[in-house]
Each structure stands twice: as C-alpha cells, then as structure tokens.
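Please open the model in a viewer and keep the sequence panel visible. The tour proceeds by selection, one stop after another.

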2 protein chains.
Amino acid sequence: MAFIDKLARAWKANNSLVCVGLDPDTSRFPESVESQDEPIYEFNKAIIDATHDLVCAYKPQIAHYAAESAESQLESTIAYIKTTYPDVPIILDAKRGDIGSTAQMYATEVFERYAADAVTVSPYLGFDSFEPFLKYKDRGVILLCRTSNAGAADLQDLMVDAMPLYEKVATLAAQKWNVNGNCLLVVGATWPAQLAKIRGIVGDMPLLVPGVGAQGGDVEKLVRAGQTKAGTGLIISSSRAILYASSGDDFAQAARRETEKLRDQINQHRAVLS
Amino acid sequence: MAFIDKLARAWKANNSLVCVGLDPDTSRFPESVESQDEPIYEFNKAIIDATHDLVCAYKPQIAHYAAESAESQLESTIAYIKTTYPDVPIILDAKRGDIGSTAQMYATEVFERYAADAVTVSPYLGFDSFEPFLKYKDRGVILLCRTSNAGAADLQDLMVDAMPLYEKVATLAAQKWNVNGNCLLVVGATWPAQLAKIRGIVGDMPLLVPGVGAQGGDVEKLVRAGQTKAGTGLIISSSRAILYASSGDDFAQAARRETEKLRDQINQHRAVLS
C-alpha cells in the first residue's frame, strides 16, 4: 500500500494525528535499559508496544543512531514495527539531499536498506536531487519547507517572487514537483501563521509538523492552522516530551500517557474526528 | 592542526588542488576486488596508495557506504588515511542539515565517530543548524552554495535582496556565519561564471568544487574563475573519472594516471604554483 494511503488509514484507525519521534538518547535511558545488549532497540520496542494504537506514524531520526554506530538497531526497530504493527507507517527522518547519482544511493539507503515508508529530504539542491526518491511511487517524500528552529528564517523567509522562500517551496511542491502524488512537506509546529499560509497553498497535501513538546509549539494554534477540511492532513510529531516523560522503569507507561494526552489535546481542535 | 592549515599544507606539499572523491560503486569494481571480504575498503586502499602524493584531500561520499551497509569500511578507510598518510585531510561528504539538538548528533557522527577533518552541510535550515559543526573549530564546515547539478537553479538562482540565493548564502557565510574561521563553500565546477562571482564575495575562503570529470566541468574555466591570487583556494574534486578509469586489475595505476593528468591540467592555469 502506498504511504499516503497507509497514513490515511492510520489517522482513521487510531483516531490520531500523533507521530512519535524515535530519537533515542542513551544518556537518558533508565539503567535497566541501558545495561542491555541492544539498549536502543529495547527502548524503542517498549515505546512502540506502549503507543502503537495511539499514533499515525513513527519517525526515527537517523542521526541518533548514526552517532552511536547503531545502524543495526535502527534496522531492527523498523523491522519490529513492520512485523508487529504493519499498519503503522514509518518515516525515516534523514533530511537527505544530493545530486542525482548520489541521491539514488541515499534512496537505496532509506527505501531499500531500511525499508522506510517515507523520508524527509532537503529541497536546496532542486528537483533533480529528490527525483530519485519520488520515483519510489509507493513511498512518501517529505520536503523541508518551514522548519521549527529559530534559524529557519535565515534563508526560508527571504523574499523571492514576492513571497518568502518557504512559500515558494510549497508552491513548487504543489504545482510542479508532486508528479507522482507522493510529496509532502515539513512545517514546524512553532510557526502556526506560516502553517496556515502553506495549507492554503498545498490543498490537502499532508504536512509533517515537528516541534510540539520540547520545542514548545502550541497545539491548538497548529491544529486550527494546519488541518484540512476533513480534520486530518497533519502528522504531528513529538519526540523528547514522550520518550523521556519518565526517567524510571515506567518510561513506557509514561510515554503512553503523554501520547494519549497529546492525541486528545489535538482531537479537541479537529474539525471532524475520523 | 586545523583543517584549513592541513589543507594549505597539502596544496603546497603535493603541488595539487585535486581531491579524489571516494565514491565506491561495487558494481564497477574489478572481479579481483569484488570477491574480497571488505571490497570497498580494499578498493579505497588501492586508490589511496596510488594517489596520496598527488592530492590535497580525499572526499568519501557517505551515501555510497550507507547504501551498502558498509559504515565499518568507511571507518577503516578513514583510519587508513589517518595512519598512513596523516597529512592528507579528509572531507566527509554528507550534506547534513537539521535543527540544533539533532545537528549535534550529526556532528558527533561526522567528527567523532568518523573523525573526519571536514564535512559538507546544507544551509537551508539556517545558522543554528550548522553552528554545532562550526563549534569544532579545528574542523572544516563546507556549506552548499551553488551545486553542480542542473536542478541547482530551482532554488539557488531565485533572486533575493537583488542577488541570487546562492550569492546570498556566500555573502552570509563570508560576513556573518564564519565566526570561527572554519567555514567553506561548495560550488559546482559546472558553473564557472557563478564561481567567479562567489570568489569575489568570499575573498580567500577555500571552495570545494565537485563536477569535473564525469559531470563535465571545464578545468581551465573553473581554475581561472575560482583560484585566489595565490593560485590556491580550490579543492577540485573528481570521483568517477578517476576511480573507474580502468575496469581491470590496473584500476589503481589508471586512477593515478587520471589524477596526475587532472593535477597537471589544473596547474597549467594556476596563477602561482606552490
């Protein structure tokens, strides 16, 4: 099943727009997890088991694995989700971007080695740099548009063609680049006004929205600004606030409580519940 | 020694602006290499042994390793260069870019796990996204400015503040972002006119110039456009044209011949030889 359809089914089945970011930080693991052979995998497995019925996606962020030489635990994590909870789509947050021949290598890494359902990519190098990803028609390709960090404004707010660069990226994505219907955008939860502008440009295109929780994005504002008429269209991602809700052995139960709280908080402001 | 100084020494010691891109493609390896236990490492080792006195840097492109689950062979390759030819700097071509806390994880990957002397990063997310890299003052941080691919124009040529975006990036890098003196830029060899503009903006800042060889950049034009008054300032990278100059068992000797040819061709047009 194509990523976009898998996502739509997960929104509905779990009545949730929440995506849990799997950003393992071993220094924040409980002792009982840290002492295991594959601590990252064990931590993720516990989080996934505790939250799978409350989410529309999981989003492992690859730097957290690469910094620890833990590629194999990323592979095991993704394989575990695919085997145990096959209806939950997996977004590999990798923000790749390179020229065509190398972009193909990155697409092989993300879609074949890790078998992710979707990936985040940077638009700076232009269309031919993400075309190799878009050719995997059953996968999602999520272009950075307006990111959640303070420095986002440095380039993304520069005015081009009478609009800020991030709106230009949204316009190109909606009108030109989405040739296979598998293109999405990243828009930080910290910018509800910009999110509303982007929603106006891209129609029903799903948006990945990181930045609630630790980064402080306001849930009500972002849901009102970003949802589609159907009350969906958003993949609202939280990582640290969920993963490290408790530093004790009850971390998975605490993660479930936080995920449920975020889901319910989001659902209060949705136009239509699925 | 800081990357910038190591680079300047290598320019001079080997009288060369050539960087060999270590982009292993196992499907193009000779049978005798392909059949070994660590084919990528063996291939790289042979290339490095054959070219180390002709180059100013090596540039492994990480996707070529990640697509093959060959992170350990990338580690071995870098360790081999550091041990055997410690004067040759290593640029890890990874084009990373993410928000601050995750950027730190990528910096750990690149500068601690792989111990690279320099890295390529994307500027799309703004200053705070590459600040964690810049804080490693003895390493080089090479921002994408005008890339070698055809699609580069999609965003990089958009006019902002009466200049194309790539010139804005060069201006910000030269005037604002280079707080620790370890910032460089990527400018494709395929765009000599843009290279000249960028050289005018950034003074003596070194530029990484990929795109000669397989991508067709014109050596004379790029050297004339990009060199500093001292006849340096450029890291001219070629990968496929050198690595796959021969598909037989003489691939390393053929790589040496191609590297020497490119070095001499470049040196013909340098203002001052070191």
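In which loop of chain B is B:Asn15 found? Select B:Asn15 in this predicted model: the residue is found in the loop between α1 (3–13) and β1 (18–22) of chain B. Its phi angle is near 45°, a positive value in a residue other than glycine. With a relative accessibility of 22%, B:Asn15 counts as partly exposed.

Next, select B:Ser69, in the loop between α4 (63–66) and α5 of chain B. Here too phi is positive in a residue other than glycine, with a value near 55°. B:Ser69 counts as partly exposed, at 42% relative accessibility.

**The two copies**

Now display chain A together with chain B. A turn of 180°, with a shift of 0.0 Å along the axis, lays chain A on chain B with an RMSD of 0.0 Å. The two copies are therefore related as by a two-fold rotation axis. The contact surface is the same in both copies, as 100% of the contact residues of chain A recur in chain B. To find the axis from chain A, select A:Val160: of the residues of that chain, A:Val160 comes closest to the rotation axis, its C-alpha lying at 2.7 Å.

For one contact between the chains, select B:Thr102, which lies in helix α6 of chain B. Which residues is B:Thr102 in contact with, leaving aside its neighbours within four places in sequence? They are A:Gln61, A:Ala63 and A:His64. B:Thr102 has a relative accessible area of 5% and is buried.

**Salt bridges**

The structure holds 34 salt bridges over all chains. Side chains of opposite charge can pair when their charged atoms come close. Several of these pairs can be visited in turn.

Begin with A:Asp117 and A:Lys82, which form a salt bridge whose closest N and O atoms are 3.6 Å apart. A:Asp117 lies in the loop between α6 (100–113) and β4 (118–121) of chain A, and A:Lys82 in helix α5 (residues 71–84) of chain A, so the pair ties together parts that are 35 residues apart in sequence. A:Asp117 counts as buried, at 7% relative accessibility, whereas A:Lys82 is partly exposed, with a relative accessible area of 32%.

Move to A:Lys168 and A:Asp161. Their salt bridge brings the closest N and O atoms to 2.7 Å apart. Is A:Lys168 buried or exposed? At 16% relative accessibility, A:Lys168 counts as buried. Its partner A:Asp161 is partly exposed, with a relative accessible area of 48%.

In chain B, select B:Glu75 and B:Arg113, whose side chains meet in a salt bridge of 2.9 Å, N to O. Because B:Glu75 lies in helix α5 (residues 71–84) of chain B and B:Arg113 in helix α6 (residues 100–113) of chain B, the pair ties together parts that are 38 residues apart in sequence. B:Glu75 is partly exposed, with a relative accessible area of 30%, and B:Arg113 is buried, with a relative accessible area of 17%.

To see a network of salt bridges, select A:Lys59, A:Asp93, A:Lys95 and B:Asp98, which are linked in this way.

**A helix pair in chain A**

Return to chain A and show α6(A) with helix α7 (residues 127–134). Two packed helices are described by the angle between their axes and the distance between the axes. The axes of α6(A) and α7 of chain A come within 8 Å and cross at roughly 35°. The crossing of α6(A) past α7(A) is right-handed.

Display the side chains at this contact. From α6(A), select A:Gly100, A:Ala103, A:Gln104, A:Tyr106, A:Ala107 and A:Phe111; these meet A:Asp128, A:Ser129, A:Pro132 and A:Phe133 in α7(A). How many residues of each class does the contact of α6(A) with α7(A) have? There are six nonpolar, three polar and one charged.

**Final stop**

Select B:Asp49, in helix α3 (residues 39–51) of chain B. This residue is partly exposed, with a relative accessible area of 31%. Not counting residues up to four places away in sequence, B:Asp49 touches B:Tyr80 and B:Tyr85. As a last step, display the C-alpha atoms of B:Asp49 and B:Ile81: they are separated by 9.1 Å, and the two residues are 32 residues apart along the chain.

Methods. Residues are numbered from 1 along each chain as its sequence is written. Chains are lettered from A and ligands numbered from 1 in the order in which they are written. This is a predicted model: local features need pLDDT of at least 70, side-chain atom pairs count only at pLDDT 80 or more; totals for chains, interfaces and linings use all residues. Side-chain values use heavy atoms; hydrogens and water are left out. Copies are superposed by least squares on the C-alpha atoms of residues with pLDDT of at least 70 in both. Contact means heavy atoms within 4.5 Å. A salt bridge is a side-chain nitrogen of Lys or Arg within 4 Å of a carboxyl oxygen of Asp or Glu. Helices (H or I, at least four residues) and strands (E, at least two) are DSSP runs, numbered from the N terminus. Buried means under 20% relative accessible area, exposed over 50%, partly exposed in between (1.4 Å probe, protein chains only). Axes are lines fitted to C-alpha atoms, for helices over the stretch in contact, and angles run from 0 to 180 degrees between N-to-C directions. A crossing is left-handed if the near helix is turned anticlockwise from the far one by less than a right angle, and right-handed if clockwise. Ala, Val, Leu, Ile, Met, Phe, Trp, Tyr, Cys and Pro count as nonpolar, Asp, Glu, Lys and Arg as charged, and the others, Gly among them, as polar.
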